[in-house]
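Trainee: I am new to this structure and would like a close look at one part, the aromatic rings, followed by whatever else helps me to place them. Could you take me through it slowly?

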Amino acid sequence: MKEKKTVIIIVAVLIVLIGGGLYAYFGMYNKSHRDYFNEEPAYELKSHELRDDFQEDQAAAQDKYLDKVLIVTGAIKKIEGDTNKTLILDGAACSLHKSETGEVNSGDQVKIKGRATAYDDMFGDVRLDNCFLIKSKP
Amino acid sequence: MKIKSLILFVLSVLTVTNVFTQNKYYTRDGHVSFFSSTPVEDIKAVNRNASCIFDQATGKVEFNVPMKSFKFEKALMQEHFNEDFIESNEYPDATFKGVFEGIENVDFKKEGEYTVTAAGDFTVHGVTREREDEFTFIITEDGEIRGKSVFMVKPADHDIEIPGSVRENIAKEVEVTVKMNYKELKR
């Protein structure tokens, strides 16, 4: 009687372990993409300050900013991109997330939340992707 | 004497205008995708944030691809790519710096397809390799300037180590496709 009980307990434990393992594995395998929209920003700064930091010490700036969600502010110098709308600020090129369809024009002062990906030395801009416009009261 | 100085004046004006019309073209939303195929699985990733500038007169060209902007279907693959293979925090971009050889044969004003050779230094994962690949300019009916290239890259050539657990899942050579839609660079 006691042995039977032990066997049942062992089987139950095994089922839980294997089930848990499978769940964790497939959960990981199918885990969702990062939610840039709702992520807390690591830093908030002006677009040209971000560029200055990269030009001053690229290695340190990479450590500090890359892959982090930032909020950058500045005026739109130009809007570019046929398939991926990119807002060019002074020192930052911000590619909008495909769900961001907000209306913007050259010259607008904007506040943008996005993820820093790299420093583009051809244009002297810090690249951000997955960007969203933050509507702020004037 | 008067005619001589007039000629000199005209010549100097021409020279100055030439310096200002540099005929550079660029894009900042170029497409770069790669495809890895093995019997175990096919993996594809797409990047729409590549930038490029080239000079029509000299053929000098540069590409810059922010590696973090490659999008994979599975978040886990994207994570492996960035953290384990490409190490994108340390090596955030891939670059190509070189020349379009044969660019003098491209008539940017005339519809057609023109193939040149992109020769130069290709840097991925901090490792630079010299390459020569075909690059095709497509001038459309509307006068748009597009560029396209397909070439193979061996991860091993750029010291990208694939751990044993996924070695069967990732091809020894991946196919890279580049598609650019250029605009004139106005300074």
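Mentor: What follows begins with the aromatic rings and then turns to other places in the two chains.

Please keep in mind that this is a predicted model. Counted over all chains, there are 24 aromatic pairs. One of them joins Phe135(B) and Phe137(B), whose ring centres are 5.3 Å apart and whose planes meet at 65°, so this pair is edge-to-face, the cut-off for that class being over 60 degrees. Both partners, Phe135(B) and Phe137(B), are buried. They also belong to a wider cluster linked by ring pairs, which takes in Tyr25(B), Phe54(B), Phe63(B), Phe96(B), Phe100(B), Phe108(B) and Tyr182(B) as well.

Rings also take part in another kind of arrangement, with a charge over the ring. In chain A, the charged end of Lys64(A) sits over the ring of Tyr43(A), at 5.0 Å from the ring centre. A second case involves both chains, since the charged end of Arg28(B) sits over the ring of Phe123(A), 3.9 Å from its centre.

From the rings we can move to the surface of chain A, where Ile9(A), Ile10(A), Val13(A), Leu14(A), Leu17(A), Ile18(A) and Leu22(A) make a nonpolar patch of about 670 Å². Of these, Ile10(A) lies in helix 1 of chain A, which covers residues 2-29, and Ile10(A) counts as partly exposed because its relative accessibility is 49%.

Helix 2 of chain A, residues 47-56, holds Gln55(A), which is partly exposed at a relative accessible area of 48%. Although Gln55(A) and Asp121(A) are 66 residues apart along the chain, their C-alpha atoms are separated by 9.2 Å. Beyond its neighbours within four places in sequence, Gln55(A) is in contact with Tyr119(A) and Gly124(A).

Finally, there is the backbone to consider. Most residues other than glycine have a negative phi. Asn130(A), however, has a positive phi near 50°; this residue lies in strand 7 of chain A, residues 125-133, and is buried, with a relative accessible area of 13%. In chain B, Asp159(B) likewise has a positive phi, of about 50°, but its place is the loop between strand 8 (145-153) and strand 9 (174-184), and it is partly exposed, with a relative accessible area of 49%. Glu87(B), just after helix 2 of chain B, also takes a positive phi of about 50°. That helix, residues 75-85, has buried residues including Leu76(B), Phe81(B) and Phe85(B).

Definitions and conventions: Residues are numbered from 1 along each chain as its sequence is written. Chains are lettered from A and ligands numbered from 1 in the order in which they are written. This is a predicted model: local features need pLDDT of at least 70, side-chain atom pairs count only at pLDDT 80 or more; totals for chains, interfaces and linings use all residues. Side-chain values use heavy atoms; hydrogens and water are left out. Rings of Phe, Tyr and Trp (its six-membered ring) pair if their centres lie within 6.5 Å; planes under 30 degrees apart count as stacked, over 60 as edge-to-face and the rest as tilted. Buried means under 20% relative accessible area, exposed over 50%, partly exposed in between (1.4 Å probe, protein chains only). A charge sits over a ring if NZ of Lys or CZ of Arg is within 6 Å of the ring centre and within 35 degrees of the ring normal. Patches are made of residues with over 30% relative accessible area and no salt bridge: like charges are joined within 9 Å, nonpolar side chains (Val, Leu, Ile, Met, Phe, Trp, Tyr) within 5 Å. Accessible areas come from the Shrake-Rupley method with a 1.4 Å probe; for residues, only the protein chains shown count as cover. A salt bridge is a side-chain nitrogen of Lys or Arg within 4 Å of a carboxyl oxygen of Asp or Glu. Helices (H or I, at least four residues) and strands (E, at least two) are DSSP runs, numbered from the N terminus. Contact means heavy atoms within 4.5 Å.
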